[in-house]
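Me: I would like to go through this model with you and ask, for each term, what justifies its use.

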Amino acid sequence: MASKVVYSPRDPMLKKRDDFEDVLEERRRSGDLRYALRCYSPVLYKGPTTSKASELKTMVLQSDQLHYVVNQVSRESGVPLDDVQAEASVILEEMAHRLQLSTVRFFAFTLSKVFKAIFRSICVNEEGVQRLQQVVQEHPVVLLPSHRSYMDFLLMSYLMYTYDLPLPAIAAGMDFMGMKVVGEMLRMSGAFFIRRSFGGDKLYWAVFSEYVKTILRNGFAPLEFFLEGTRSRTSKSLTPKLGLLNIAMDPFLKGEVFDVSLVPVSISYERVLEETLYARELLGVPKPKESTSGLFKARRVLSEDYGSIHVYFGPPVSVRSLAEGRVNRSQFSLTPRHIPRRPSEDVHSFVNDAAYRLVRAQEENMVLKPWVLLASLLLQNQGAGQNRGVPLDELIQQAVWLRDLCRQFGAFLHWPDQIPSSEVVSSSLSLHGGLVRVSEDRVYLALEQEPHCSLTAEEELLSQAVVVLSCASYRNQVLHVFLRPALLAAAIHTASSSQKQEVYSSFLFLRNMFSNEFILCPGAAVQDFEEACYLLTKVGALHINQHEVLTAERGHRTLAFLTSILDPFLQGYQMVCSFLCEDATQALTERRFVPAVRAFIIKHLLKGRLRYPEVLSSDLQRNALAALLRLGAVQKVQGGEESGTLKVNRVMLNSLEDTLGGRLSTQKALRAHL
Amino acid sequence: MISLTFTSVFVPFSSIVLLQPKITNSFSNLLHYFFFCRQEIMKWNGWGYSDSKFVYNKKGQAEFTGKRYKLSGMIIPGLKDWMENTFGATLQHKAAATPALNSSAVPPPTLNEAFVEELKSTGVPFSADAEDRVFRAHGHCLHEIFALREGKIGRVPDMVVWPNCHSDVVKIVELACKHNVCLIPYGGGTSVSSALECPPEETRSIISLDTSQMNRILWIDEKNLTAHIEAGIIGQDLENLLNESGYCTGHEPDSMEFSSLGGWVATRASGMKKNIYGNIEDLVIRIKMVTPQGVIEKSCQGPRMSTGPDIHHFIMGSEGTLGVITEVTMKIRPVPEYQKYGSVVFPNFEQGVACLREVARQHLRCHYHHFFLSPDNFNLMFSTGHALKPQVSSIFTSFLDGLKKFYITKFKGFDPNRLCVATLLFEGNREKVLQHEKQVYDIAAKFGGLAAGEDNGQRGYMLTFVIAYLRDLGMDYFVIGESFETSVPWDRVLDICRNVKARIIHECKDKGVQFPPLSTCRVTQTYDAGACVYFYFAFNYRGLSDPVHVYEQVEHAAREEILANGGSLSHHHGVGKLRKEWMREAVSSVGMGMLQSVKDYVDPNNIFGSRNLL
């Protein structure tokens, strides 16, 4: 029941999608100043609301929760109570936002100018906005946008202002505080800042969680945070972080509010501002520290065309209906509610499931542009070793095929049908001129650099990888559509027979292996398998009966496409395994892992033993390591002199590598794990 | 006994106003009837006395009939509008009840001949008359009354017996064990937990054991301030009888006009004056109960004992599953010399609750006060209170009222939609009452409370007794509803009120209820560690094919919500069969096992087969 509230895995084609409205259209017609100064009167929460940021602070500092922890900390540390209390005030001061309408108006003005300069349109689903207007009055609201760009939260607040919705209080990472002026301006437009890590700091945690809960309980403002915790550099959704979601659900679970509405918001950029920046970062060029001057240098972007943005406000998800039958709320009535407690096992797994479902909802409502299909095709072509490019008309033909497949899988594809396909393709290609090159009716990835200086082979490889990874980040946008069928296709490929049981266990193995890489809801393996079977049967690629999974005559093309979309990941994970088997030294730590595995992979790429430069992505490498740690093939040594080093189980790694490569049946591999 | 006279009926107000003796002495002739066959003067398919009910007169004005209450015979001008505005219940849409019981609809009794034969020889009166049986086959749950109004009769007792004293009960229980018939004790019949419903799966003959004839005060001990009373006595009669000797028990549940002492003990009852006198468990000294294993009782009247777990606690709350309570020794108190009503208006419910909490914290309960709190749309005092406000001759009074309202809403800036009212009653010696009153008003002032006069306080008490009659009026016009209660720690009061009310509205919408429901609550009792909260829930069921089912689903959801918010399964209504499904969760499996083992020992053949509780 609860899962249906968020997304329905069955026949996504049936889903009716809302229409979009371009907010920039109005901005292009009337003056920005007038818009920035217009009367802003948002709909408010029906409950008693506190509207002053200062009152909010007082409430937090006077709360039972904080008093309890202040006392506790004072008792444990021997620091006088007043000092601890003062420290709490300082923490709160550092954290709290100071929303000011004037700053918001300034942003409304500036952002209008910027947006009009760099974006063709900002399309918002109006029905989603209407639903939000409704729900904001009913219950405390948590906005959960996807996170692909720094632009995300500016854009969110801009839209809230535009639609006369209450401005959200946004949980932002402390790194913004480094940018003095901008940091303060963000604070005045509703951002509050949290340290990236505060592991054992009880006091910090207490101030922070109480601050967030007070915002929710009092209907002060919608809360906004990023489930993924940080910007995804790969455009794949990241494994959700549970901390803030736990806090946001707490007022409901403890009965302090009747319900909390979670609103997943999917923001898709036709061209991400940080596109090559991300690729460089993934390849090991450290990201520039956020600084105000850095931002101004980014002015260069103002002259570029970043296409359009689609923002989809998903249907609100009621925490109450999610929790129905999952959490026994009376467990919270046996101890005073202000005493902080670790979430129990069932609450933890409930929040975890909810988080995954919400991220899935974000994925599902992400609008896909034709370019993501082209990127997928070009990368596959590249992977097949054809640097000679693809003939344009062939690319168009393939893209149309892929478009149809996508649609049958229920993707939210924004392909303008009224325009001839050739035009759609060529306009996409021209928007991404930095990544693709068209010459003599052939389309190439823009891999060759201007022959200005002599590059080493490694440098050349890395610069090619930048382009490949940038393209991959677009391909990744469509991965969630193909993921389950692709896992099935790969499972069929690796399974030793067409027995359904055999295929399923292969599927399970791959799904388990990749559950740090992709968003795969915990405990939904059967559902995922059924969904994959359903979709592939529907498109006529498979015949499935009770015992067997058989490839249909006309299914080869689809299956080949699906297997090769997953291939870089399969190869990448095998690479990581073989690195750990062959090259890992005794003193390998988690920190040294990425540079070491990168060097190993570069070697293989240069020798031509590996075809996919995208395996150089540190994201993939880290995910692989996380999976191996989870599976126990690698262990982190705790304590002692070697604390933090990685201990490798070679036998297991070997068998995992062989299974990934299809050289060992999953049954055997599973046995080997045990 | 005859000396009771009519005051018994008017007691809630006897000390408030001087009533004109409206009833002739011929009424005392009715008393015989009253005691032997209460059903003669009580409704068979609704609450209370047959002659007392809300009706719309020919002019379409609401009127309360009869002569028993202060409100009786009066026009209540605001009620019709209130019914229309709150429920959309208009005069055009009437849902008339079956006027009289159709005896042929009653299933014929399954009699255990051998039992009947032997019973005859004991001389205990009994009856297998359809009306007698139907009257004792139900309590006052909505589904029970609704079915009766529709003329639907389910499984009813096969026979009614009227024991006259403890030894009669002993004989009946012995015979029941011997012949394996099922006994269901019946006191006042005011159960709201389906406790009196006959289990449909029961194949044995079911005997309703009506305790109404065991209604004497056997002795009063003025030295120890105790009285020994037969358990069948009705609350109001007990109070009146004791008043004649200058005493009272102080136990006044809202149902005291109809509920019995034995019923109070069997359900762990609570009275509105418990803050000074205590709940039933604080009031009883000794209990005598007849069980299939024999009579259980303590051997002395010591005020407290350390003799292992208190066996009274197996009896109190046993809900008729272990035996029949026949006699009770109870604490009594001298009738207070002075009583004063009062009321306080708070700007909102939150402030009101905060004030109650403070009053409880300061232990200001040595003298009695009583709080009604009711937030938002259904403000008992300012909506119903006004709706029920009888037409008064004096224009001056209403002028004053207007002024007060103006003062509160305009001058003090209270939002009339969020106002809430506490009504108070102080008892004791005059000096202390006045001192106490001042203390309470001082606390109230700290929470923004404004004293709202004695008459508002009195009106609150009047409402207590007539509010139950309102449901019957509602049912005449497609409105069904009920109240249910819980107890909850102080820090949860506001949360539980908000969430349960919202849940009710939510569920009604979900279940297709066409009209906005009434969903409100009040705090009725305060304790050191928490409070008792009542929820009121009613809706217009026009357009629903199975309104009772919808009602039950919503009530079920509301109870789930109560439990999820840290509320108890019941404060004083009991579990019965209505709330049985949550018992294990409420007392743990071990707890259930303990209760079950007591049942297994005391009543291995399930003679007391009402199947309540476990």
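Me: What is the pLDDT over residues 1-14 of chain A, and how many contacts beyond four places in sequence does the model have for them?
Reply: Across residues 1-14 of chain A, pLDDT (the predictor's confidence in each residue, from 0 to 100) stays under 50, and the model has 27 contacts (heavy atoms within 4.5 Å) beyond four places in sequence for this stretch. This is a predicted model, in which local features need pLDDT of at least 70 and side-chain atom pairs count only at pLDDT 80 or more, while totals for chains, interfaces and linings use all residues. Residues are numbered from 1 along each chain as its sequence is written, chains are lettered from A and ligands numbered from 1 in the order in which they are written, and side-chain values use heavy atoms, with hydrogens and water left out.

Me: What is the average pLDDT of chain A?
Reply: Chain A averages 87, and 91% of the residues score at least 70.

Me: Why is the pair Glu561(B) and Arg329(A) called a salt bridge?
Reply: The closest N and O atoms of Glu561(B) and Arg329(A) are 3.0 Å apart, and the term requires a side-chain nitrogen of Lys or Arg within 4 Å of a carboxyl oxygen of Asp or Glu, so the pair qualifies. The rule finds four salt bridges across the interface of chain B and chain A.

Me: How many residues are in contact there?
Reply: In chain B 14 residues are in contact with 12 residues of chain A.
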